[in-house]
Amino acid sequence: MPVLVMKFGGTSVATVDKIRRAAKKVGVEVAKGYDVIVIVSAMSGETNKLVGFVNDTSPLYDAREYDAIVSSGENVTAGLMALTLQEMDVPARSWQGWQVPVQTTSAHANARIEEIPTENITAKFGEGMKVAVVAGFQGISPEGRITTLGRGGSDTTAVAFAAAFDAERCDIYTDVDGVYTTDPRVTDKARKLDKIAFEEMLELASLGAKVLQTRSVELAMRYKVRLRVLSSFEEQSDEAGTLVCAEEEIMESNVVAGVAFSRDEAKMTLISVADRPGIAAAIFGPLAEAGVNVDMIVQNISEEGRTDMTFSCPIDQVARAEKAMAEAKAKDEINFHDLVADTDVAKVSIVGIGMRSHAGVAAKMFATLRDEGVNIKVITTSEIKTSVLIDRKYMELAVQSLHDAFELEKVA
Ligand code: ADP
Ligand code: ASP
Ligand code: MG
């Protein structure tokens, strides 16, 4: 039998009633003749609640226990989904990550899937089971401890299962009916895309569009998984949603495919560091060791052998970055006058494969922000994206005006 992977996010399994609606969609695919692997998230809000319990108990928590706790939300929905399907006379069983087992690295709270053995589930399909319901977001480390895959990780579980089982498609059911030119919560001019290229989706996801976890797109691209994003609240059809696919499958596209943003950024500036060979390594080495995800980096011009170094990182890593820099200073590896953290910034990015072959796209972005009176603090570019760091209070305005300026509401 062909295998189909269907993933239901938190809002799609938020109540017993919604689980029933999702289960009906699974039933439709079973009736078409598929063996279905259903990946479920925790009920919406549940993971945040569990993370809150952890922080309240132990602010500098042991990540192994964090994983033991926050993975539990998915266990509940996996069991409930299996029970709901059984009530509909669909033969179904639930699996927690360790039972499959979903083998991951031991990087707790941010583990990577290494392997998914298919034997157990395939054998059950052979015995007449029609649906394997798997708890998303979780796995087991080589040491035998429960791991989680980072926030939004059920998307990655889904794509990894689709790759392992050579599924015909991986359908991601969520609370929007596809991937839009930007988050539809920020502008009602956002337009649903029928198709988007893997590379563009990868950039949008990594720049803040949380509709898919970045690693899920990476995996889909590597293993050529047909990945579709669609609504769990609307009628199903074979053309519904957005297909994330190879660039070659897309005939027409805008120069800019979408606008992404991330409000959880911080801008850190080391004031007056020695401008000497090895200074960047001396700063960013300890930051990397401390697990700080540095994104943008700017080194200012130097005066009398000293310079300022600015970098951005996620806002919840500011304390860790400060600690790493203070320790490096105490060990005399670096010397700086001050470390200034600006936690009122946001990153806004434009993404599009067309930027490879069109000049002036970044310039148009900067002119648009200038016309709105938005000051740019840091800029980074790559082949298919330009990102700026701006004051957070202008984030929505920037997204809306860029969406207008690049006419993203119109089809190319
Ligand atoms: P789930 O719980 O189903 O995994 P998420 O909340 O993780 O859902 O992701 C869906 C949300 O992603 C949408 O509600 C939307 O607000 C947000 N989003 C951000 N950028 C985009 C985009 N470009 N297209 C669609 N949704 C987006
Ligand atoms: N429940 C997890 C989270 O909220 C994983 C997921 O929903 O994808 O991050
Ligand atoms: Mg999600």
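Ala, Val, Leu, Ile, Met, Phe, Trp, Tyr, Cys and Pro count here as nonpolar, Asp, Glu, Lys and Arg as charged, and the others, Gly among them, as polar. With that division in hand, the shell around ligand 1 can be read as six nonpolar, five polar and five charged residues. The model on the screen is a predicted one, and the tour begins at this ligand.

**Stop 1: ligand 1**

Select ligand 1 together with the residues around it, of which there are 16, the closest being Thr174, Asp175, Tyr180, Asp183 and Arg185. Turn to Arg185, where an N or O atom of the side chain is 2.6 Å from an oxygen atom of ligand 1. Tyr180 offers its backbone instead, with a polar backbone atom 2.9 Å from a nitrogen atom of the ligand. Add Gly10 to the selection as well, since a polar backbone atom of Gly10 is 3.1 Å from an oxygen atom of ligand 1. If you now switch on a surface for the protein, keep in mind that ligand 1 taken alone exposes 580 Å², and that the protein buries 89% of that area.

**Stop 2: ligand 2**

Next, centre the view on ligand 2 and show Ser41, Ala42, Thr47, Glu74, Phe137, Arg151, Gly152, Gly153 and Ser154, which are the residues around it. By class, this shell has two nonpolar, five polar and two charged residues. Which atoms of ligand 2 have polar partners at Thr47, Ser41 and Ser154? A nitrogen atom of the ligand is 2.8 Å from an N or O atom in the side chain of Thr47, while an oxygen atom of the ligand lies 2.9 Å from a polar side-chain atom of Ser41. At Ser154 the partner belongs to the backbone, where an N or O atom lies 3.0 Å from an oxygen atom of ligand 2. On its own ligand 2 has 260 Å² of accessible area, and the protein covers 86% of it.

**Stop 3: a buried salt bridge**

Leave the ligands and select the charged side chains, among which the count comes to 26 salt bridges. One of them joins Arg228 to Asp171, with the closest N and O atoms 3.0 Å apart. Arg228 lies in strand 11 (residues 227–231) and Asp171 in strand 9 (residues 169–174), so this pair ties together parts that are 57 residues apart in sequence. Are these two residues buried or exposed? Both Arg228 and Asp171 are buried. Add Arg169 to the selection too, for Arg169, Asp171 and Arg228 are linked in a network of salt bridges.

**Stop 4: two further salt bridges**

Move to helix 10 (residues 318–330), where Glu327 and Lys323 are four residues apart and thus separated by about one helical turn. Their side chains meet in a salt bridge, at 3.7 Å from N to O. Glu327 has a relative accessibility of 40% and counts as partly exposed, whereas Lys323, with a relative accessible area of 55%, is exposed.

Then select Asp344 and Arg392, whose side chains meet in a salt bridge of 3.9 Å, again taken from N to O. Asp344 lies in strand 16 (residues 338–351) and Arg392 in the loop between strand 18 (385–391) and helix 12 (395–405), so the pair ties together parts that are 48 residues apart in sequence. Asp344 is partly exposed, with a relative accessible area of 49%, and Arg392 also counts as partly exposed, at 23% relative accessibility.

**Stop 5: aromatic pairs**

For the last stop, display the aromatic rings, among which the structure holds four aromatic pairs. Phe8 and Tyr173 form one that is stacked, 4.8 Å centre to centre and with 15° between the planes. Phe8 lies in strand 1 (residues 3–8) and Tyr173 in strand 9, so the pair ties together parts that are 165 residues apart in sequence. Phe8 counts as buried at 0% relative accessibility, and Tyr173 counts as buried at 0% as well.

Finish with Phe284 and Phe311, an edge-to-face pair with 5.7 Å from centre to centre and 80° between the planes. Phe284 belongs to helix 9 (residues 279–289) and Phe311 to strand 15 (residues 306–314), so here the pair ties together parts that are 27 residues apart in sequence. At 15% relative accessibility Phe284 counts as buried, and Phe311 counts as buried at 2%.

Terms used: Residues numbered from 1 in each chain as written. Chains lettered and ligands numbered in written order. Predicted model: local features only at pLDDT ≥ 70, side-chain atom pairs only at ≥ 80, totals over all residues. Heavy atoms only, no water. Near = heavy atom within 4 Å. Polar contact = N/O pair within 3.5 Å; in protein donor to acceptor, adjacent residues only side chain to side chain. Areas by Shrake-Rupley, 256 points an atom, 1.4 Å probe, with all protein chains shown as cover. Salt bridge = Lys/Arg side-chain N within 4 Å of Asp/Glu carboxyl O. Helix = DSSP H or I, 4+ residues; strand = E, 2+ residues; numbered from the N terminus. Buried < 20%, exposed > 50% of the residue type's maximum accessible area, 1.4 Å probe, protein only. Phe/Tyr/Trp six-rings, centres within 6.5 Å; stacked < 30°, edge-to-face > 60°.
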